[in-house]
Amino acid sequence: MKCKKLIAAALAAVFGMMLFAESVEPEMDLQHDFVVIGAEHPYDLNPYTANYSSEAQVLSGLFEGLYSYDPKTLDPVPAIAVDFKISRNKKRWTFTIRENVKFSNGDPLNAYSVRDSWLTLLATPDAPYASLLDSISGAKKFRHGQVRSEEVGIVARDEKTLVVTLDTPMAHLQRILCHHAFSVVSSKDGVYSGAFVLKSSENNTLLLEKNPNYWDAEHVYLPSITVQSSSDLKENAWKFNTGRADWVSGMVDTAAVLNKNAIRIAAEFGTEYLFFSCKNTPWDNADLRNALLAAVPWEELRKNSLVQATTLVYPLAGYPTVEGLTDTSVEEAKDMMAIARKTAGIPENKTLTLIFGITGSDRMKREAELLQEAWKPLGVDLKVQTTPEDRYLLSIQNWNADLFSYSWIGDFADPLAFLELFRDGSTLNQSKWKNTFFNQLLKDAAETNSSAEHNKLLSQAEQVLLDDGIVLPISHSVCLHAVSPTAVGGWYTNALDIHPFKYLYFKTETSTVPNVVMR
């Protein structure tokens, strides 16, 4: 999930296989419109193409797939699927669809709806998460227009039975299917499969209303949710203090928040990093890239990071140690550059141009200045190109630059959520980097039934990635929210920073904070 937020996270969580259950039945008389404030940016509410965490948050209310996230543990919770079976060879998954599931307009929602939605996702150009289904027989070829839909291993046996056939085992399939990209989407506009429907969208405000046809409507307590966009930190804090906002996501002046217990700062499964594009020479050359990395002033580059990152993947429990990027040696960098130039046939005195694509933010400008100064002694001229912040991530794919800044929050609790960004053929691979050994390690990790072996293989793949000089890890993410745990139920801190709207409700609250207007 692209960062999504411009704040971000570290992770330390163990994911158990328990289903979420509220211990207290909410009082219905307390329920009213729930107001959320997030960062100001254009919303893409197409589940197939949406790429920001703020969009994922809204989509968690509008659409639903076979599984959804438990709001506390992030374990897969049965949603449209009520049951499943896996064949002995682990290559065939059979899902059973719930009885009487409907779209928001009353149309039936069945196994055929799921199949059609997934095929539409695979056929959507530049859908960022489509390649996560490449283990399904024929899915990759269908994405590239090489086979017909009938040749894809997604079959609706009848209205209640969906059969998915894989080329290779995919132990993490359930976790992936919680993601909004794999939601069930109607072919009709304005029709939804989730707990809410979009009533209106205007003036930086989205209004969501409860979906009466939702299969679990009796356990959706809020009648409506208003999502406002604002980057005015002080104004947002004022709205929260005065009861005009119930939850501010990220964009809040914490010093101005009266109820300090409402400030939620937590670890998140995310990393901010720079990456090289392999589209242009000479920066498709690993030796040249590694010469640059040896000269990077890592300590200075990371000094403003709350949680400094030396690796791409924030280590989950049981994930083996990976040797990160920490050492800086200008003299070694010069030696490495001289050898790399000679091997590549590049004259020693030739100035190499490297284009760094950034936004105009002070943070990115500072990074560019540090690297520009560090790489100048190596005969490298770093030039800066800029684009507006709200267009930056969307611009990368067609931007003819050599270095980019990126933030990523894992979409499921597995290192593969990061490593998939660099797999050859992945729709998420913005770098265009290719490495056969890396790809094979990912394949082997997907096929093993041992979680320890799975993690071992993925850690080896990450080491290959780092050793090839593609990424420059900077920080692991932390998330920031203002939401009162005594006033709001169903909201939990979790590693993916996803808080499904379905579970939110108001509690009875007695405030001890002065000057707060209670709603």
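The legends below describe close-up views of a predicted model.

**View 1. An open antiparallel sheet of four strands.** The sheet has the strand order 4-5-7-6, and its strands pair in the antiparallel sense. Strand 4 (81-86) and strand 6 (154-158) are the edge strands, and because each has a single partner strand, one side of each is left without a neighbour in the sheet. From one strand to the next, the twist averages 25 degrees.

**View 2. The pairing of strand 5 with strand 7, and the helix that lies across them.** Strand 5 (residues 92-97) is joined to strand 7 (residues 161-165) by five bridges in the antiparallel sense, and Thr96 has Thr161 of strand 7 as its bridge partner. Helix 2 (residues 111-123) lies across strand 5, strand 6 and strand 7, and runs at about 165 degrees to strand 6.

**View 3. Asn110 in the loop between strand 5 and helix 2.** With a relative accessibility of 9%, Asn110 falls under the 20% cut-off and therefore counts as buried. The side chain of Asn110 reaches the backbone nitrogen of Tyr112 at 3.0 Å. When neighbours within four places in sequence are left aside, Asn110 is in contact with Ile97 and Glu159.

**View 4. Helix 1 and the strands that cover it.** Helix 1 (residues 53-62) is mostly covered, with nine of its 10 residues buried; among them are Ser53, Glu55, Val58, Leu59 and Leu62. The cover over the buried residues of helix 1 includes strand 8 (196-202) and strand 9 (205-210), together with strand 10 (224-229) and strand 11 (247-249).

Conventions
Residues are numbered from 1 along each chain as its sequence is written. This is a predicted model: local features need pLDDT of at least 70, side-chain atom pairs count only at pLDDT 80 or more; totals for chains, interfaces and linings use all residues. Side-chain values use heavy atoms; hydrogens and water are left out. Two strands pair if DSSP finds at least two bridges between them. Helices (H or I, at least four residues) and strands (E, at least two) are DSSP runs, numbered from the N terminus. Axes are lines fitted to C-alpha atoms, for helices over the stretch in contact, and angles run from 0 to 180 degrees between N-to-C directions. Contact means heavy atoms within 4.5 Å. Buried means under 20% relative accessible area, exposed over 50%, partly exposed in between (1.4 Å probe, protein chains only). A polar contact is a pair of N or O atoms within 3.5 Å; within protein, one must be able to donate a hydrogen and the other to accept it, and residues adjacent in sequence count only if both atoms are side-chain atoms.
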